[in-house]
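Student: Can we go through a structure together? I'd like to start with the overall picture and then look at single residues.

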Amino acid sequence: MTDNSTRKLRELGWNSFFQNQFKLLQIPGSEPARVFSERKQAYQVYSRHGELSARISGKLRHRASMEGHYPAVGDWVVIKPQVEERKCIIHDILPRKTKFSRKVVGSRTEEQVVAANVDTVFVVNGLDGGRNFNLRRIERYLTLTWSSGASPVIVLNKVDLCPDVDEFIRDVELVASGVHIHAVSATEGTGLDALMGYLTRGKTAAFLGPSGVGKSALINALLGIERQVTGEVRVADHKGRHTTSWRELFLLPSGGAVIDTPGMREIQMWADEDDLQNVFYDIEALAEECRFNDCQHYEEPGCAVTAAIERGDLDATRLESYRKLQRELRHLASREEQSARLEEKARWKKISQWVKETKTMRKHL
């Protein structure tokens with residue numbers, strides 16, 4: 001690749017980590033590219049040739065159907081380009097540095113990768129009333145972000161509609177100690193310079209949050225253009241009429257990249273119980289002072305957690321949120337273990353069937 005094409009890839013986030021992984025594959029005639037859009041397994045990628053339409057190879061499709069690992073927005077993939085037709089074939093996915101995942105909606109115990117290779121996750125909440133601000137939801141997003149390997153940042157949008165921003169910031173600080181919090185307004189441009197500080201050349205940030213909090217409006221403001229129409233907000237429930245319906249990556253003039261995501265009606269957990277430590281640091285620290293190592297923080301004697309609630313040092317709703325996420329993650333771990341056992345059983349059943357068929361064929365030879 002030429003120096004110019006290498007610079008373009010670096011602006012997209014290409015670095016030595018991905019370069020080394022790409023070299024190991026040694027696929028003749030292949031090049032790296034980054035997925036910036038996916039709609040029902042139809043992909044658009046950025047490459048040194050610019051934007052290309054992409055589809056995955058039959059071999060990759062077969063492997064992905066078995067493992068559930070399809071390309072996601074933000075992934076670096078290995079392509080064979082058809083430059084004249086502005087198309088390419090995706091032959092492999094490079095290992096991810098980070099991935100923000102949730103459990104798929106419904107009863108299936110499967111992972112859905114929302115955004116890959118993200119450096120910063122902007123957890124966006126709205127300060128315009130209604131359901132756009134929720135501390136319990138922030139805790140869930142923080143848990144998933146720490147699990148992803150990316151760094152969380154809390155963004156409180158629509159400060160122009162809020163009479164007491166400082167009160168909301170204080171509330172967030174109680175559940176997100178050590179996490180940067182930025183109060184901004186997409187419509188007035190307030191506080192956007194602070195967000196640009198995370199979007200230096202080669203860095204990627206994903207905007208996550210429910211519908212109506214202004215994720216697309218923030219990205220529009222950062223891009224400096226109206227790339228899509230953001231609907232008026234319904235007064236009754238503070239929800240936008242038109243919001244993003246798919247995940248998409250955009251390049252900024254600064255060289256950084258942002259990923260816009262649809263509002264998530266459900267943010268089901270896909271993490272480990274250990275990931276709660278970064279979010280519920282206060283409860284974890286108090287638990288170490290409990291008299292019993294297996295204290296459940298209900299009515300046990302010498303419980304430092306319930307004592308903190310009685311003193312007013314800990315909000316009872318935060319403890320309940322901790323317990324709820326604990327239950328969800330334990331249930332998820334149990335379901336994953338059961339799913340793994342069933343998959344292993346099915347695999348050995350196929351092997352056994354193959355052995356029987358092979359023996360039968362040999363008898364008839």
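Tutor: What follows is a short talk through this predicted model.

Student: How many helices and strands are in the protein chain?

Tutor: The chain has 11 helices and 13 strands.

Student: And what share of the residues is buried?

Tutor: Of the 365 residues, 46% are buried. The chain exposes about 19,700 Å², and carbon and sulfur atoms supply 50% of that area.

Student: What about contacts between residues far apart in sequence?

Tutor: Take the contacts with a separation of 6 or more: residues 24 or more positions apart account for 67% of them.

Student: Which residues touch the most other members of the largest nonpolar core?

Tutor: Those are Ile154, Leu156, Val172 and Val305, in a core of 58 residues. Helix H11, residues 316-363, gives the most to this core, with 5 residues.

Student: What does Ile154 touch?

Tutor: Leaving out residues up to four places away in sequence, Ile154 touches Val123, Ile138, Leu142, Val172, Ala176, Val179, His180, Ile181 and His182. Another core lies apart from the largest one; it has 20 residues, including Val124, Val153, Ala186 and Phe250.

Student: New topic. What sign does phi usually have?

Tutor: Most residues other than glycine have a negative phi. Gln26 has a positive value, near 50 degrees. Asn117 also has a positive phi, near 55 degrees.

Student: Where do they sit?

Tutor: Gln26 is in the loop between helix H2 (16-25) and strand S1 (31-39). Asn117 is in the loop between strand S7 (111-116) and strand S8 (120-126).

Student: Is Gln26 buried or exposed? And is Asn117 buried or exposed?

Tutor: Gln26 has a relative accessible area of 68%, so it counts as exposed, the cut-off being over 50%. Asn117 has 6%, so it counts as buried, which takes a value under 20%.

Student: Last thing, cysteines. How many disulfides does the structure hold?

Tutor: The number of disulfides is 0. For Cys290, the nearest cysteine sulfur is that of Cys295, 4.0 Å away.

Student: Why is that pair not a disulfide?

Tutor: Because a disulfide needs the two sulfur atoms within 2.5 Å, and these are 4.0 Å apart.

Student: Is Cys290 buried or exposed?

Tutor: Cys290 is buried, with a relative accessible area of 8%. Cys162 is buried as well, at 11%.

Technical notes: Residues are numbered from 1 along each chain as its sequence is written. This is a predicted model: local features need pLDDT of at least 70, side-chain atom pairs count only at pLDDT 80 or more; totals for chains, interfaces and linings use all residues. Side-chain values use heavy atoms; hydrogens and water are left out. A nonpolar core is a set of buried Ala, Val, Leu, Ile, Met, Phe, Trp, Tyr and Cys residues joined through side-chain atoms within 4.5 Å. Buried means under 20% relative accessible area, exposed over 50%, partly exposed in between (1.4 Å probe, protein chains only). Helices (H or I, at least four residues) and strands (E, at least two) are DSSP runs, numbered from the N terminus. Contact means heavy atoms within 4.5 Å. Accessible areas come from the Shrake-Rupley method with a 1.4 Å probe; for residues, only the protein chains shown count as cover.
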